[in-house]
Amino acid sequence: MLRSNPNRPPELKTARELAMMREAGKLVARALKICRGMARPGVRTIEIDQAVERFYAEHQAAPLFKGYPGRVPFPAVTCLSLNEQVVHGIPGNRVLKEGDLLKVDTACKLNGWCADRAITIPIGQVSPEKARLLKVAEETLQIAIDLLPRRKWWSQVASEMQKHVEGNGFYVVKSYVGHGIGRIMHENPQVPNYVDRETRKADFRLEPGLTLAVEPMVNMGRSEVDTLGDHWTVVTRSRLPSVHVEHTLGLTADGVMIITADEGAFDDAPPSPPTEPPPAPGVS
């Protein structure tokens, strides 16, 4: 959520520090691959969260969401948000159904450096309009990746992101924004996916060494959101579907490093364990 600007410049990273962040980013990418393999009708969201928690523990990585301070500390290593839930959904006993949109957001710290990413997974066959919503959100993130090395100010990128979303008849969530990232998950600057008078006041220059978690949140019906009684789960006020996608990005003199990219994340990884559900009790 937009907060007062502490007037501190972003912390620029060296090539070595970007490489350290990439190692954390590889783990996040691999954790999300586990989520994709498990996300199907009949699976409870808590089962996905538990699998990611085991994965981080096996690789001595610290999950960044569990225990995150708030009115109630966040209880899980992933945010799993379904359909009208925008972000910060709490994993539990809810069962995935055909046609759901599952948003998976997770982050970890490895050897002192952080990475954060979110994806949206269609469960089985989704409606054409949900599929189009997801396509537009992913295109919006790609616009940011493409424009980062070609613009001087973040507002120039955010403006193009907003135009793409609204030009397709959808709405940008304005209550939540992306963020700088590095030694901690939330660094300066704040990274909005839209432009208005307030965000222009906190605009920042795009320069090598900048590391940003860019995360468009796109709603099917209006931009307004509400927070549920669990103090975390954010839902669309219209109760229509929303999509959330995110990458941690590093800007270099040569272009953009996608720190949480799938490409190269699995080169030295052992084969993933099978993701078939466990047998029912009494079945061997």
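Let's start with one pair of residues: cysteine 79 has aspartate 105, in strand β4, as its bridge partner. Keep in mind that this is a predicted model. Strand β4 covers residues 101-110, and it makes a handy guide through this part of the structure.

**Strand β4 and its partners**
- Strand β2, residues 78-82, pairs with β4 over five bridges, and the two run antiparallel.
- On the β5 side, ten bridges link β4 with residues 113-122, again in the antiparallel sense.
- One of the matched pairs here is leucine 101 with proline 122, which sits in β5.
- β4 and β5 form a hairpin with two residues between the strands, and asparagine 111 takes a positive phi near 50° there.
- Two bridges join β1 to β4, and this pair is antiparallel too.
- Across from alanine 62 you'll find lysine 109 of β4.
- So how covered is β4? Nine of its ten residues are buried, so the strand is mostly tucked away, with "buried" meaning under 20% relative accessible area.
- A handy bit of background: side chains in a regular strand alternate between the two faces of the sheet.

**Alanine 61, just before β1**
- Alanine 61 sits in the loop between α2 (45-58) and β1 (62-63).
- Is alanine 61 buried or exposed? Its relative accessible area is 9%, so alanine 61 counts as buried, the cut-off being under 20%.
- Setting aside residues up to four places away in sequence, alanine 61 touches Leu27, Tyr56, Cys108, Lys109 and Leu110.
- Glycine 112 is 51 residues away from alanine 61 along the chain, yet their C-alpha atoms are separated by 9.4 Å.

**Threonine 45, in helix α2**
- Threonine 45 belongs to helix α2.
- With a relative accessibility of 3%, threonine 45 is buried, because that value falls under the 20% cut-off.
- Which residues does threonine 45 contact, leaving aside neighbours within four places in sequence? They are Leu80, Leu82, Pro91, Gly92, Arg94 and Leu96.

**The largest pocket**
- The largest pocket holds about 610 Å³ of space.
- Its lining is made up of 27 residues, and the closest to the pocket's centre are Tyr68, His88, Tyr176, His186 and Trp232.
- Sorted by class, the lining of this pocket has twelve nonpolar, nine polar and six charged residues.
- If you're wondering how empty space gets found, rolling a probe the size of a water molecule over the atoms shows where it is left.

Methods:
Residues are numbered from 1 along each chain as its sequence is written. This is a predicted model: local features need pLDDT of at least 70, side-chain atom pairs count only at pLDDT 80 or more; totals for chains, interfaces and linings use all residues. Side-chain values use heavy atoms; hydrogens and water are left out. Helices (H or I, at least four residues) and strands (E, at least two) are DSSP runs, numbered from the N terminus. Buried means under 20% relative accessible area, exposed over 50%, partly exposed in between (1.4 Å probe, protein chains only). Contact means heavy atoms within 4.5 Å. Two strands pair if DSSP finds at least two bridges between them. On a 1 Å grid over the protein atoms alone, a cavity is a set of points where a 1.4 Å probe fits but cannot get out, and a pocket is an open set with protein on both sides within 12 Å along at least five of seven lines; lining residues have an atom within 4 Å of a point. Grid points are joined across faces, edges and corners, and a volume is the space filled by probe spheres set on the points. Ala, Val, Leu, Ile, Met, Phe, Trp, Tyr, Cys and Pro count as nonpolar, Asp, Glu, Lys and Arg as charged, and the others, Gly among them, as polar.
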